[in-house]
Amino acid sequence: LKVFFVQREMHFHCQHLNTPDAYEGHWKVLLNAVEMPDRMLHMSYKRNRIDDGWTSEAKISHPSIKDIIFKSRIQRTPEQPIIFWAELQPGDETNKIAFELIQAVNDVIATNKSTHLHLYSRDPNGFDASFTFYRTTTIESPLFAGYFWNWRTQNRGLRSGHATAFLGRNNIAIVDYDSFFGKFRGEGQRQTSPNGDEVADFTFVSDGKEFKGRVIYNPKTHHFEALTFDGHGKPVRSLEVAASNSTKKYLFSMELSNYLDGNKKTDFSYSIERRAGRSFRNRLYFPPKNYEAIKRAIAVGEEALGRIDFDAVVGDIAHFAEKSATLFTDEFIDPIATLLVEEMGEMIGEALNGFNDVYYEGSFSEALQKVTALIEDTFTAIERAIFEMLSGFSQDMSHSRRRRDVSNSVDDLRSYISDTLNSIYNSRPAKVAVAVIEGIADTVNYNIGELWYRMRNKGEQIWDSVLENSDIKAIRSTFAELYQPGSYQGNYDFWNRLRARLTTGWFAREKIIEADTQRGKYIWDFGVPLDAESIKQGVSKWTDDQTGKDLQTLPSTGRIVASVLKSELMPPFEGQALVVGDQHIVTFDGTMYSFDGECMYMLARDFVDGNFTVMLRYDADNPTESGRPTKSMIIRLKHIMIEVFPDKGAVYLNGQPAELPLFGERGNLVLTRSHGVITVEQRHHLKVSCYLYHDVCVVSVSGWYFGKTAGLLGTFNNEPSDDLMRPRGGVINNVGQFVKKWEAERGCRGPVKVIRDLAAEGSEGYELCRRYFKTGESPLAPGFWKESTVPYLDMCLRETATRPRNPRVAACKIAFAYLKRVEKYGIKTSLPSECYVCKNDVTEDIGFGHKKHLYGHNSMDVVFVVEEDACNGNLVRDIDTTVRLVDKELLNAGYVNNRFGLIGFGHKSGRNSGPHIRTARDNIFFASQDMILAAEKMRLDPVVDRDPSGADVFAAIAHAVNMPFRAGASRSIVLMACSDCSESNSHLSYSDIQRTLLERGITLHLVADKPIKVRKSAIKGKGIYGIDADTVYGNKDISQAQLIGQPDLRPQIATAKDICIALAQEVHGSFFSSKALRGDGKNWKSIFSRRIAKRMPSRTDACEQCECIRDETFSPRTVCRPCHPLAPKVPLTVYTSDDIEY
């Protein structure tokens, strides 16, 4: 490529060779080929396949600078899964900087795994840093883990350190530490005494001082004791915790003591003892003088921390920063900056000289002289700023004195490192290295999670032994004694009886027996079950009775307890049940069973106030494609009946088809559709969410209905034993009879078939279920410690046995049910990748994380995003006609099978101000003639009590971007907004939205009631409908065969100050003013429709890369991006309407 610029000839040359095993590319640039043919900038890149990996080399050369070379090697072998090496040479060979990352297995011993990091300079006077981490890959003894590091600099020489831990088969443990924070070594050994106690003696040595201790524990007797000894073997301090099986001793006690004068003295104690009946007494002893001891201990710790020589560490890093800054400044920054300044300065000078010859006599010459001076000053400032940024810190550090307080140096160092690493982190080699390191971190994190899971299992076993305590059993029996299964009202009566017992004799008359804040002694009584409200009242009364004292007189722990008791972090807790597929039930209390239904059944009902009823209907007369009866969820709310069909995504309201969303008059009832989820919510009462892709419905009820519901979803009272309760009371163990009792209509067929068959061992379904619910590699493993997988494994085996043709779908359905169950505990898990498969019409299915290339756009998906405000009333009333006309123009342009969607947002009532999808015939995308159904119930009425904040337009655009667009279809968004776009009203930024639209190849068209004016023109914008970055559209263009518009008029156009007007043009879209719609609606709609159908780019040449991802509802979604994303368009003018008069 040759470019002629004024009197200069520039050459650009590109050459590349690509084979399966190698790639080589060369790029050469001559900015002055005639006068200086030897000043060529040469850039090259080579990549070659080697055994088990690749090598690459990049090189930049120019006569005015020393060659800059970057080399790397990536390999993978069975013994070394990760081998990464990189070397950067800016200038002379002695300036080389190298980095190595090696991960090895079976390193030194068979079960060992190691990671080695090495960063060094080839210069003998440079730096050399390395880090090695070892660990055993099994959790059986012997166990070993540790790290070693060393750091060498010219000023300070070699520094090194390590930390290791070892646990042998003979119960010997060794810890050895020698690093930044000092040096110590610890050894210990565990033994079992004849009485069953586990005794562990340990010794720590640090700075020549020896510290000994002993731990004694016995899970069977619920006893734990820890002792520390002095150099003569005499005890110094002790901690004892115990729980008793005897009613004559304390139920629980804890005591912290010291032996400073040879006698045992108590520093802190707390105990619970049984009183008469079911009353218990608490004793707390904590003298105020111990606060001073705690303060002294903290002061000693701070003093020890102050002795750590952070200055030496900072000095090492400062030396490295100084050497690096000098190296990059001398060998890289200065030559590149000089080259750019010289070459660009010459080109700009030549251009200015040429323009000066033409415009020498005019005022234009003065303007160019100012521009020239500005450019020269700018380059000079940039060069100076780059140099000062890299060398400023090192100069400060080299001239500063060593001092104990290094806080200023640390702050400067932190700022320097942050600025420098931000630029390095975004480079390609750094991203590759980060990806490798993140993989290592994930592996380590997984192993730690597995270890924690095993520890929790062991803890649960110990806890089970605690529950065998006779007193604990007596406390638990209190509830069982009061609770008698019966009718549904029986559950309600249980709480009435419980409340009565709590107020008529379970508590001692004086709850607070003694409160001596001077001596630190507190005694109070309580009864069980524990009544949180009574405790709150007792604490309040106690603090009020302290005659002028406030909470500040209590110990800090007392203030914390009082704060917790007075907070709202208390029951009632929400109940959650699941309907999984068309056969499986998970009750509120966790009971699971499976059956084949052919009737209507009651799932749950509020049997106290009758606020809601949830039913499950199987319609055998209208089977699905698989031959199964059609399933639907029926929700009755007083006088409203809602029926949801998960198979079809359909919703019926009082027997009639309904389009979503639907909002109740007071906002208490909300029905919404969000991609693959239909949600029915009655605030403060009930919420039913059906996940269509996985065929799982989640039924959630407020905690205020605890003990008030019954049905197939159980009794919601935290007692799984009575979940199979019949309508008239009494628990049965036969699932078939239980389901039969809850039939909600007459004429049901014979006995209910209970599903008990399991997938055969060794079958595909069996292996999938085992992998999902029994192995630590499962992505569901983070929840194993909280929710048992045994019943879900059984459910999975039953589901795959009844779905042998597609066991993957069956197993993934149960996996999703488990995911939703542990999600209520705040545990984040994910589904196996094979659970996500993106289906489309133009190519074969795409697996999760896989990508496919598609060519050509034969159809278009258009999403209308409409702000629900009175100002859009005319637009919405005519939206049906507009969409039909758009579809017609798309057909004329060659786009067939087009789809349309509608998103509403911004209603100032605040109840539906967020973005929400509007459906037509139960679909998110629909034909043009169905737009009238979707827009029928849009709220355009003025709001008296308006929300003063502006609508979040960016959030509405982002919601549209994440719609399930088809693969191989063009994508457009039409935004009809009343509010101005503002970053202050959104958590999203302008650049975020612009980048996403360009990356996804989505065109944005804006329609707003804002003027379009012409600068210094007599016509003042009359007859102008819209603009884009290149041209103007108006009534004069109605006769154009190909819509071109009036590009000559574009530089004179001025618009309102709205960043969305600029955004639409930058992403190759347009802005149309709805003001012109009022006087010339027919032509306006025609031009607007033709602009949407305008091909950009050519649909026959369009290439895009489509990938299968998962959305926030754990449903698969295809996301397509252009193979070559378009750059943002720059409008031909930056005028706004405020400039018209100037």
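A residue is called buried here when its relative accessible area is under 20%, exposed when it is over 50%, and partly exposed in between, using a 1.4 Å probe and counting protein chains only. Take R798: at 7% relative accessibility, R798 counts as buried. That same yardstick comes back throughout this tour.

First, some housekeeping. What you are looking at is a predicted model, in which local features need pLDDT of at least 70 and side-chain atom pairs count only at pLDDT 80 or more, while totals for chains, interfaces and linings use all residues. Residues are numbered from 1 along each chain as its sequence is written, and side-chain values use heavy atoms, with hydrogens and water left out.

Now the overall picture. The protein has 21 helices and 54 strands; these are DSSP runs numbered from the N terminus, with helices being H or I of at least four residues and strands being E of at least two. Of its 1142 residues, 44% are buried. The protein exposes about 60000 Å², and carbon and sulfur atoms supply 54% of that area; accessible areas come from the Shrake-Rupley method with a 1.4 Å probe, and for residues only the protein chains shown count as cover. As for contacts (heavy atoms within 4.5 Å), take those between residues at least 6 apart in sequence: 54% of them join residues at least 24 apart.

Let's zoom in on a sheet. Strands of a sheet pair through backbone hydrogen bonds, either parallel or antiparallel. In this model, two strands pair if DSSP finds at least two bridges between them. One open sheet has 7 strands in the order β32-β31-β30-β29-β28-β27-β38, with antiparallel pairing. Its edge strands are β32 (656-657) and β38 (709-710), each of which pairs on one side only. Further in, strand β27 (residues 600-606) runs antiparallel to strand β28 (residues 613-623), and 5 bridges join the two. If you want a spot to click on, try A604, whose bridge partner in β28 is V614.

Next, the cysteines. A disulfide is a covalent bond between the sulfur atoms of two cysteines. The working rule here is a pair of cysteine sulfur atoms within 2.5 Å, and the structure holds 9 disulfides. One of them joins C690 and C697, with the sulfur atoms 2.2 Å apart. The torsion about the S-S bond of C690 and C697 is about 110°, so this disulfide is right-handed. Both of these cysteines, C690 and C697, are buried.

Another disulfide joins C812 and C835, with the sulfur atoms 2.0 Å apart. This link is left-handed, with -85° about the S-S bond. The pair links distant parts of the chain: C812 sits in helix α13 (residues 807-823), while C835 is 23 residues away, in the loop between α13 and β40 (837-838). C812 and C835 are both buried.

Then there is C1103 with C1123, a disulfide whose sulfur atoms are 2.0 Å apart. With -60° about the S-S bond, the link is left-handed. C1103 lies in strand β53 (residues 1103-1110) and C1123 in the segment after β54 (1116-1122), so the pair ties together parts that are 20 residues apart in sequence. C1123 counts as partly exposed because its relative accessibility is 23%.

On to charges. Side chains of opposite charge can pair when their charged atoms come close. A salt bridge here means a side-chain nitrogen of Lys or Arg within 4 Å of a carboxyl oxygen of Asp or Glu, and by this rule the count comes to 37. In one of them, E198 pairs with R190, the closest N and O atoms being 3.0 Å apart. E198 counts as buried at 16% relative accessibility, whereas R190, at 32%, counts as partly exposed.

Helix α13 turns up again with R821, which forms a salt bridge with E787, the closest N and O atoms being 3.6 Å apart. R821 lies in that helix and E787 in the loop between α11 (764-773) and α12 (790-802), so the pair ties together parts that are 34 residues apart in sequence. Both R821 and E787 are buried.

That brings us back to R798. Its salt-bridge partner is D794, with the closest N and O atoms 2.5 Å apart. Both residues lie in helix α12, 4 residues apart, about one turn of the helix. D794 is partly exposed, with a relative accessible area of 29%. Finally, salt bridges that share partners join D582, D596, R628, E799, R803 and K813 into one network.
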